[in-house]
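Here are some notes to read with the model open beside you. Take the points one at a time and find each residue as you go.

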Amino acid sequence: FLNTSDTIHTTSFSHFYLSRLHYPTLTMSLTDAVRIVSEVFKKYASEDQQKDTLSPDELKKLLKAECSKKGTDCSSKLSEVMKRLDNNKDGQIDIVEFGTLIGMMAKRM
């Protein structure tokens, strides 16, 4: 998931979402894109009692399910990903911190 220059691989994560769009071309509004990101976040964040954050286990499940390429596991460097995203150091990833991951991925596109 992170390469040697400490950047995040985004190809499989981006491909996952773009392949599920029902549009012949990418004509999605920003609001629609945010809604999709929010729905994915909420899907995994709702697995425990803290519905508005991702625990390390929930983040690992999200990364494994949503980002994995065949034969690789992008969640393998979970501690590094958590360290980069968890700005307030509470051990959880909130939606704003999750936005950092989306931003890093968008930058690589």
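1. Let's begin with aromatic rings, bearing in mind that this is a predicted model. How many aromatic pairs does a search of the whole structure find? The search turns up 1. The partners are Phe41 and Phe98: their ring centres sit 5.4 Å apart and their planes meet at 50 degrees, so the pair is tilted. If you wonder about those two numbers, a pair of aromatic rings is described by the distance of the centres and the angle of the planes.

2. Now look at where the two rings come from. Phe41 belongs to helix 2 (residues 30-45) and Phe98 to helix 5 (residues 95-107), so the pair ties together parts that are 57 residues apart in sequence. Are these two residues buried or exposed? Both Phe41 and Phe98 are buried.

3. Next, find Thr53, which is in strand 1 (residues 53-54). Thr53 has a relative accessible area of 11%; the cut-off for buried is under 20%, so Thr53 counts as buried. Its side chain has polar company: there is a polar contact of 3.3 Å with the side chain of Gln50, and another of 2.8 Å with the side chain of Gln92. Setting aside residues up to four places away in sequence, Thr53 touches Phe41, Ala45, Glu58, Gln92, Ile93 and Asp94. Notice Phe41 in that list; you met Phe41 in the tilted pair with Phe98.

4. Time to zoom out. The chain has 5 helices and 2 strands, and along the sequence they follow the pattern α-α-β-α-α-β-α. Of the 109 residues in the chain, 36% are buried. Take the contacts with a separation of 6 or more: residues 24 or more positions apart account for 50% of them. As for the outside, the chain exposes about 6,900 Å², and carbon and sulfur atoms supply 56% of that area.

5. Which residues have the most contacts inside the largest nonpolar core? They are Leu54, Leu59 and Leu63, in a core of 18 residues. Helix 2, helix 3 (56-67), helix 4 (78-85) and helix 5 are the elements that give two or more residues to this core. Leu59 is a handy one to click on: leaving aside neighbours within four places in sequence, Leu59 is in contact with Leu54, Leu78, Val81, Met82, Leu85 and Ile93.

6. Helix 4 deserves its own point. Leu78, Val81, Met82 and Leu85 are buried there. Look down the axis of helix 4 and you'll see its buried residues fall within an arc of 100 degrees, so they line one face of the helix. On the other side, Ser79 and Lys83 are exposed. What do the buried residues of helix 4 pack against? Their partners are helix 3, strand 2 (93-94) and helix 5.

7. Last, a backbone detail to check. Lys89 lies in the loop between helix 4 and strand 2. Lys89 isn't a glycine, yet has a positive phi of about 55 degrees. For background, most residues other than glycine have a negative phi. Is Lys89 buried or exposed? With a relative accessible area of 59%, Lys89 is exposed, since the cut-off for exposed is over 50%.

Conventions:
Residues numbered from 1 in each chain as written. Predicted model: local features only at pLDDT ≥ 70, side-chain atom pairs only at ≥ 80, totals over all residues. Heavy atoms only, no water. Phe/Tyr/Trp six-rings, centres within 6.5 Å; stacked < 30°, edge-to-face > 60°. Helix = DSSP H or I, 4+ residues; strand = E, 2+ residues; numbered from the N terminus. Buried < 20%, exposed > 50% of the residue type's maximum accessible area, 1.4 Å probe, protein only. Polar contact = N/O pair within 3.5 Å; in protein donor to acceptor, adjacent residues only side chain to side chain. Contact = heavy atoms within 4.5 Å. Areas by Shrake-Rupley, 256 points an atom, 1.4 Å probe, with all protein chains shown as cover. Core = buried A, V, L, I, M, F, W, Y, C linked by side-chain atoms within 4.5 Å. Arc of directions from axis to C-beta.
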